[in-house]
Amino acid sequence: GNGFDLAHNLETSYPQFIKYLVDSNRDNVIHKDLFIRPVEMFYEELRRINHYDIHLRNTVKNNLLIQLILNHFLQNWSDVEELYFRHLYNIGENSATYDKPEIINKEFDQIKSALIQYLEEQETRPAIDSYNKLFKTLDSENTLVLNFNYTNTIENLYSETLTNSKELHFHGELGSITNPIVFGYAATHNE
C-alpha cells in the first residue's frame, strides 16, 4: 500500500497532494481546470486565516476539490475516493451537492489527472536495504507481488532483486495504457 511509498520518502499521501495543489497554484494558476485564480497564499498561511472557506470558493472552481481542502483543514481528513462515492450515492437526494453524476465525474477526473501528474513528478528515492533482503528472499517464479500503489517504486528500485517474480498493480499503474489508474472506493468502510 501507500506506506511502502511513504517509507521511501515519496510524498504520495492525499494530504501531501492537497498541499501541493494549493502551493503550486499560489502565484500562477497551473491547474486551470481546478482553479479560477491564484490561491495567493501558501497552504499553511491559508489554513490559519479565519475565512479560508470563502477564499477557496472564490479561488477554486472544482467543488469536489474545495470539499477535500475544507475536510482536510477542519478534520485532517482527505479521502478522495470516499468523498467521491458519498456524493455519487447521494445524487437524487434533496441534500445532494451534485444533481447529475456527469458533473461530479468530470470534477473527479480533473482531480485524478492532477494526482497522476503529481505522482509522476515524484523523484525515485534510494532502495531500502531491508526491502532488498525481503524481496531477495521471496523472489521465485511462484511469487506474485500485489502492488496497491499507482507508482512504479518496486520496478524502479527492486527490479534487479525481483527477477523471477511477477507483479500485479491492483489499482493500475502510472504511465500504463493497458493498466491505467483505477481509484478504489467502497460503499462503506467495511468493504
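Where is the place of N9? I started my notebook with that one, and N9 turns out to sit in the loop between α1 and α2. A reminder to myself before I go on: this is a predicted model.

**Entry 1: the odd loop residue**

I looked up the backbone of N9 and found a positive phi of about 60 degrees, although N9 is not a glycine. That caught my eye because most residues other than glycine have a negative phi. Next I asked: is N9 buried or exposed? N9 has a relative accessible area of 53%, so it counts as exposed, the cut-off for that being over 50%. I also noted a glycine with a positive phi: G92, which follows α6, has a phi near 100 degrees.

**Entry 2: the whole chain**

I stepped back and counted the elements. The chain has 9 helices and 2 strands. Reading along the sequence, I wrote the pattern down as α-α-α-α-α-α-α-α-β-α-β. Then I took the span of the C-alpha trace along its principal axes, which is about 55 × 35 × 30 Å.

How much of the chain do buried residues make up? I got 41% of the 191 residues. The chain exposes about 11,100 Å², and carbon and sulfur atoms supply 49% of that area. I also checked contacts between residues at least 6 apart in sequence: 51% of them join residues at least 24 apart.

**Entry 3: helix α2**

I went through α2 (residues 14-24) residue by residue. In this helix, 8 of the 11 residues are buried, so α2 is largely enclosed by the rest of the structure. My list of its buried residues reads Y14, F17, I18, Y20, L21, V22, D23 and S24. I noticed that D23 and S24 are on that list, although Asp is classed as charged and Ser as polar.

**Entry 4: L65 and its company**

L65 belongs to helix α5 (residues 63-75). Its relative accessible area is 0%, so I put L65 down as buried. What does L65 touch, not counting residues up to four places away in sequence? My answer is L21, L34, F35, V60 and I111. L21 was familiar, as one of the buried residues of α2. I also took a distance from L65 to E81: the two are 16 residues apart along the chain, and their C-alpha atoms are separated by 12 Å.

E81 then led me to α6, where the buried residues are V80, E81, L83, Y84, F85 and H87.

**Entry 5: aromatic pairs**

I searched the whole structure and found 11 aromatic pairs. The rings of F4 and Y158 have centres 6.2 Å apart and planes at 55 degrees, so this pair is tilted. The pair links distant parts of the chain, with F4 in helix α1 and Y158 in helix α9 (residues 153-158), 154 residues apart. Both F4 and Y158 are buried.

I then picked a second pair, Y84 and F108. Their ring centres are 3.8 Å apart and their planes lie at 15 degrees, so the pair is stacked; the cut-off for stacked is under 30 degrees. This pair also links distant parts of the chain: Y84 is in helix α6 (residues 80-90) and F108 is in helix α7, 24 residues apart. Y84 and F108 are both buried.

Going back to F4 and Y158, I saw that they form one aromatic cluster with Y131 and F135.

**Entry 6: L157**

While I was in helix α9, I also looked up L157, which lies there. Is L157 buried or exposed? Its relative accessibility is 19%, so L157 counts as buried, given a cut-off of under 20%. Leaving aside neighbours within four places in sequence, L157 is in contact with H8, T124, R125, P126 and A127. I also noted I128, which is 29 residues from L157 in sequence and 8.7 Å away in space, C-alpha to C-alpha.

**Entry 7: the largest pocket**

Last, I went looking for pockets. The largest pocket has a volume of about 320 Å³. Which residues lie nearest its centre? They are N2, Y14, E81, F148 and Y150, out of 15 that line the pocket. Y14 and E81 had come up before, as buried residues of α2 and α6. I sorted the lining and got 5 nonpolar, 8 polar and 2 charged residues. α1 (2-7) and α7 (101-120) each supply at least two residues of the lining.

Definitions and conventions
Residues numbered from 1 in each chain as written. Predicted model: local features only at pLDDT ≥ 70, side-chain atom pairs only at ≥ 80, totals over all residues. Heavy atoms only, no water. 1 Å grid on protein atoms, 1.4 Å probe; cavity = no way out; pocket = protein on both sides within 12 Å on 5 of 7 lines; lining within 4 Å. Points joined across faces, edges and corners; volume = space filled by probe spheres on them. Helix = DSSP H or I, 4+ residues; strand = E, 2+ residues; numbered from the N terminus. Buried < 20%, exposed > 50% of the residue type's maximum accessible area, 1.4 Å probe, protein only. Phe/Tyr/Trp six-rings, centres within 6.5 Å; stacked < 30°, edge-to-face > 60°. Contact = heavy atoms within 4.5 Å. Areas by Shrake-Rupley, 256 points an atom, 1.4 Å probe, with all protein chains shown as cover.
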